[in-house]
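Visitor: Could you take me through one part of this protein up close? I'd like to look at the largest nonpolar core.

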Amino acid sequence: MSDTGIMCQDEYFEVLEAVKNHIISAQKTVMNTANEERNKLYWRIGKTIIEHSSWGNKFVQTLSKDLRMEYPSATGYSERNLNYMKQFAERIPSEEILQQGVAKINWRSITFLINQTENTEEFVWYAAQTLEQGWSSTVLRHQIESGLYGRQVLVEKTTNYKTQLANPLGEQAEEIIKDPYVFDFIPAAAPLLEKDLEDAMVAQITKVLMEFGNGFSFLGRQYPIHVGEKDYYIDLLFYNVKLHCYFVVELKTVDFEPEFAGKLSFYLSAVDGELKSDLDNPTLGLLLCKGKDKVVAEYALQDINKPIGISEYRVSDKMNPAIMENLPSIEDIEKRIKL
């Protein structure tokens, strides 16, 4: 029987891409499964070491030596790594906690969390965020160094989300807010104008989205919205696909003032009226200020019937490179002093 089909080149390349995607997906699944099983193994070895800790350090040294002799082609059984396994099992006391996702992150991230976190709760939170946000080990390091757990979990936040939104949306909105937000990729300037801050954030929008967290999409800056006979402009407009709502951000390079909340409340009403669909949840607002008096901010939100959060922001303490280039060198200063 002859083959009468004619292969279309364009269609073939589409089929080729589909097959390649299947292969890549399967490879990732195999890698993730292998990674998870290895971490579970390391945890069990760590538990065994703890159970025989009365044997002293000599036990770990001997175990490392014998395992490497038994499995010469395998890596990971050094004395140092066995001690990490022990610390891993100490930090994650039960297999139930291990199954919550901790075992799914890479071992490098696990060892970093062992060194940099203070307790099981912080360890598990960062592990969960690493999975949810898709962080690499490098990004995880940056988030820990920026104190993200303290800024997002431990901090007492200034919002009215829980009173203005039905649960679980109110709690979910509260959970994603940070205080302060750290934009350490923005060089300091004196003074830093609102336009300068906005320009820098838009220029580095990928890093801004990483700081805001997973689920945010950037829709625009100075976003125009027509109300009545006048146009108004929102500093930064986002959409959160997880919360299914618009997210309005207003930037203030000065300390918080009560009137800021009233203006943002108006913007939220406008977005709800002009942009929001019946499928969207109520629009959220966030005021990012240079500083705030927490008591004043809480009073300002008491009679506001729109969901608003108030947070501070931090920029880098390093000077703008363009300014640095125009500063005289030490040699120039010395020459001028001599003159």
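Guide: Let's start with a word we'll need: a residue is buried when under 20% of its relative accessible area is left, exposed when over 50% is, and partly exposed in between, using a 1.4 Å probe and protein chains only. By that count, 41% of the 339 residues of the protein chain are buried. Keep in mind that this is a predicted model, where local features need pLDDT of at least 70, side-chain atom pairs count only at pLDDT 80 or more, and totals for chains, interfaces and linings use all residues. Residues are numbered from 1 along each chain as its sequence is written, and side-chain values use heavy atoms, with hydrogens and water left out.

Now for your core. A nonpolar core is a set of buried Ala, Val, Leu, Ile, Met, Phe, Trp, Tyr and Cys residues joined through side-chain atoms within 4.5 Å. The largest one here has 34 residues, and the members touching the most others are Leu82, Phe88, Ile92, Val102, Leu113, Phe123 and Tyr126. At least two core residues come from each of α1 (9-51), α2 (57-70), α3 (79-91), α4 (95-98), α5 (107-116), α6 (120-133), α7 (137-145) and α8 (148-154). Helices here are DSSP runs of H or I with at least four residues, strands are E runs of at least two, and both are numbered from the N terminus. The protein chain has 16 helices and seven strands.

Zoom in on tyrosine 126. Skipping neighbours within four places in sequence, its contacts (heavy atoms within 4.5 Å) include Leu113, Trp135, Leu140, Ile144 and Leu148. There's also a second, separate core of 28 residues, with Phe216, Phe247, Leu251 and Leu288 among them.
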